[in-house]
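Got your viewer open? Let's walk through this one stop at a time, selecting as we go.

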There are 2 protein chains.
Amino acid sequence: MTPANTVLAISGGVGGAKLALGLERVLPAGELAVLVNTGDDFTHLGLRICPDLDTLLYTLGGVVHTGQGWGRADESFCFMDELRRQGGPDWFLLGDRDLVLHVERTRRLAAGERLTALTAEFAQRFGVRSRLLPMSDSPVATLLDTDAGELEFQHYFVRLRCTPAVRALRFAGAAQARPTEELLNVLHSKALQAVILCPSNPYLSIDPILAIPGLSAALRASQVPIIAVSPLIGGRAVKGPTAKIMQELGVQASPASIAAHYAGLIDGLVIDHADATDARGLSVPVVCTDTLMSTLADRERVASIAVEFAATLRARAVIRSRA
Amino acid sequence: MTPANTVLAISGGVGGAKLALGLERVLPAGELAVLVNTGDDFTHLGLRICPDLDTLLYTLGGVVHTGQGWGRADESFCFMDELRRQGGPDWFLLGDRDLVLHVERTRRLAAGERLTALTAEFAQRFGVRSRLLPMSDSPVATLLDTDAGELEFQHYFVRLRCTPAVRALRFAGAAQARPTEELLNVLHSKALQAVILCPSNPYLSIDPILAIPGLSAALRASQVPIIAVSPLIGGRAVKGPTAKIMQELGVQASPASIAAHYAGLIDGLVIDHADATDARGLSVPVVCTDTLMSTLADRERVASIAVEFAATLRARAVIRSRA
């Protein structure tokens, strides 16, 4: 019998996957479910690509390129090399092995299969012990209003390396998207004990998830503690444009801003020691620790702290009245 | 200005491509057009694959794996290796570099582009000096009625290695398919001097082409000599199941059978010395030579003989009244 999921992690790509791996390792086998952002998904060369799902798949499947945090360690780029030689677009790196998933996903989605079912099959194929759940089976696209015009996510993130200044974001398709039955079952399950927002970019990776009305409502209605791990360390992001975007949106890159961003949703916030002085007077309970996850031991430690924090809040029945 | 096409070769895959390469090398640059079978085309892993067109592209583009006669010399198989590891179908070999064409073709055909236009672009990209013309822009599928049931071409040819006995063939979609404007222009051009049926399998590679009514009619109406190079050497095929299929269909594997198969279409037949004794009393003029094309010099020699044979027939105004 499959164990029930006791923890639901909510994740974007690289940073989220690190904490998800830590959670998987500190929890009993099969108890972790990961709700993954699909706002980054796009169609490139006619192939449907789900970067965050694949990062989780490769990370939890033990084949990730640990140095870069995404893609596979055992990868080659002959397809890419030939594509470039023939004058094709080479700004989005597609490994020869990575392509297997994109080709199969494209075909099967076109044949009417659900992304959730496909993802479960891929996870099994890679020996992933946790449950990977896309935020929706309907396409949602994160679009950025920037000083270089409106950009699709991957064009902003990969092609332009986050250089344009962000003025606003929207999530095309989110209002019409529905949470999957699988996700709602996890959220409604009596076994669930905690929801943990991974230290992913709140604007780029978590907001697309919260933009799905039914999913946001189900999270807010949940009776288990929801805690977030701040993506900031000393007011800066470990990786990616979190702090840059906060600045561009006129928000201070501080724990207070993260807490305010998630106000009405979270019951606690894990922050880094480096931000401890900025954390006074926050509206939610805070735990300070070293949140940098360089090693596997770091990931397990941060994961344990998050799980214990949630357990403490749960024991104290500290669940905010959520907006 | 592009030179007008003076010779139209009609070709399947490997064997046809060898003669096409010879023809390209003995004719002035740009004078060769190659009409290519697309009855072998199929959709695999959601990708649209055109094996004969690609064999011509790689052969005339100088990147073919000369040992096997198809695929690329500078190829790697990491995608295939991973596909196999994940339990995917591995019976049809797809190289990492080869995939670039399949992915792009699939996307652009789905977007409504014509196979003929795409093929011309690919040919230019590979520096092919001759013109590559698919037999139609509409899909036609060669289906084999065998003792193992009805089989799609690639399943018969590659997956089952031509093992099942063939009872009949049909070309799904051929009756509805139309010859392209580009092909008709070549056939109607005053510059055209000869049509040469390459030593491809008459049943598998040439018949799908002749099964397109408008194309067959245009060929038969042509006022230039049409000659065929027999695929048999001493009653056997150099490669592939030609002789095996002839036997299964109750036809003797001889030049007479090839001439009878193309009766009403061809004006002359090039056969191998080894079949000379079987060639007496044929209904069309015959030229005997060594038709085995092992070396580049062989290909040029057979090509020259075919071109000269056609020129002789043309000079003597020997054009059969065609059925």
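Before the first stop, a word on how the two chains are compared: copies are superposed by least squares on the C-alpha atoms of residues with pLDDT of at least 70 in both. That cut-off comes in because this is a predicted model.

**Stop 1: the axis**

Color chains A and B separately. A turn of 180° with a shift of 0.0 Å along the axis lays chain A on chain B, with an RMSD of 0.0 Å. The two copies are thus related as by a two-fold rotation axis. Which residue of chain A comes closest to that axis? Select A:Asp96: its C-alpha sits 3.2 Å from the rotation axis, the closest approach of any residue in chain A.

**Stop 2: where the chains meet**

Now show the residues on both sides of the contact. Chain A puts in 20 residues and chain B puts in 20 residues. On the chain A side, α3 (78–85) and α4 (98–110) each supply at least two of the residues that touch chain B. The largest share comes from α4(A), with 7 residues. Color that side of chain A by class and you get 9 nonpolar, 5 polar and 6 charged residues.

Do the copies use the same surface, or different ones? Of the interface residues of chain A, 100% are also interface residues in chain B, so the copies meet through the same surface.

**Stop 3: α4 in chain B**

Hop across to chain B and select residues 98–110, helix α4. This helix has 13 residues, which at 1.5 Å a residue should span 18 Å; the end C-alpha atoms are 19 Å apart, which agrees. Which of its residues are buried? Highlight B:Asp98, B:Leu99, B:Val100, B:Leu101, B:His102, B:Val103, B:Glu104, B:Arg105 and B:Thr106. Just past the helix, click on B:Gly112, where phi is positive at about 100°.

**Stop 4: B:Phe122**

Stay in chain B and select B:Phe122, which lies in helix α5 (residues 115–125). Is B:Phe122 buried or exposed? There are 21 other C-beta atoms within 10 Å, so B:Phe122 is buried; the cut-off for that is 20 or more. Setting aside neighbours within four places in sequence, B:Phe122 is in contact with B:Leu57 and B:Leu101. You just highlighted B:Leu101 as one of the buried residues of α4(B). B:Leu101 and B:Phe122 are 21 residues apart along the chain, with their C-alpha atoms separated by 8.1 Å.

**Stop 5: α12 in chain A**

Back to chain A: select residues 296–315, helix α12. Its 20 residues should span 28 Å at 1.5 Å a residue, and the end C-alpha atoms are indeed 28 Å apart. The buried residues here are A:Arg299, A:Val302, A:Ala303, A:Ile305, A:Ala306, A:Val307, A:Phe309, A:Ala310 and A:Leu313.

What do those buried residues pack against? Show β1 (7–11), α1 (14–26), β9 (194–197), β10 (226–229), β13 (268–272) and β14 (286–289), and you have their partners in chain A. Following the helix is A:Ala317, with a positive phi near 55°.

**Stop 6: α1 against α12**

Keep α12(A) on screen and add α1(A). The two helices pack at an angle of about 75°, with their axes 7 Å apart. That makes α1(A) roughly perpendicular to α12(A). From α1(A), the contact uses A:Lys18, A:Leu19, A:Leu21, A:Gly22, A:Leu23, A:Arg25 and A:Val26; from α12(A), pick A:Arg299, A:Glu300, A:Val302, A:Ala303, A:Ser304 and A:Val307. By class, that contact has 7 nonpolar, 2 polar and 4 charged residues.

For the chain B version, bring up α1(B) and α12(B): they pack at about 75°, with axes 7 Å apart.

**Stop 7: two loop residues with positive phi**

Select A:Arg161, in the loop between α6 (153–159) and β8 (166–172) of chain A. Phi is near 50° here, a positive value in a residue other than glycine. A:Arg161 has 10 other C-beta atoms within 10 Å, so it is exposed.

Last pick: B:Leu45, in the loop between β3 (42–44) and β4 (47–49) of chain B. B:Leu45 is not a glycine, yet its phi is positive at about 55°. With 19 C-beta neighbours inside 10 Å, B:Leu45 counts as partly exposed.

Methods:
Residues are numbered from 1 along each chain as its sequence is written. Chains are lettered from A and ligands numbered from 1 in the order in which they are written. This is a predicted model: local features need pLDDT of at least 70, side-chain atom pairs count only at pLDDT 80 or more; totals for chains, interfaces and linings use all residues. Two residues are in contact if their C-beta atoms, placed from the backbone, lie within 7 Å. Helices (H or I, at least four residues) and strands (E, at least two) are DSSP runs, numbered from the N terminus. Ala, Val, Leu, Ile, Met, Phe, Trp, Tyr, Cys and Pro count as nonpolar, Asp, Glu, Lys and Arg as charged, and the others, Gly among them, as polar. The expected span of a helix is 1.5 Å times one less than its number of residues. A residue is buried if 20 or more other C-beta atoms lie within 10 Å of its own, exposed if 12 or fewer, and partly exposed in between; C-beta atoms are placed from the backbone. Axes are lines fitted to C-alpha atoms, for helices over the stretch in contact, and angles run from 0 to 180 degrees between N-to-C directions. Angles under 35 degrees count as roughly parallel, over 145 as roughly antiparallel, 65 to 115 as roughly perpendicular and the rest as oblique.
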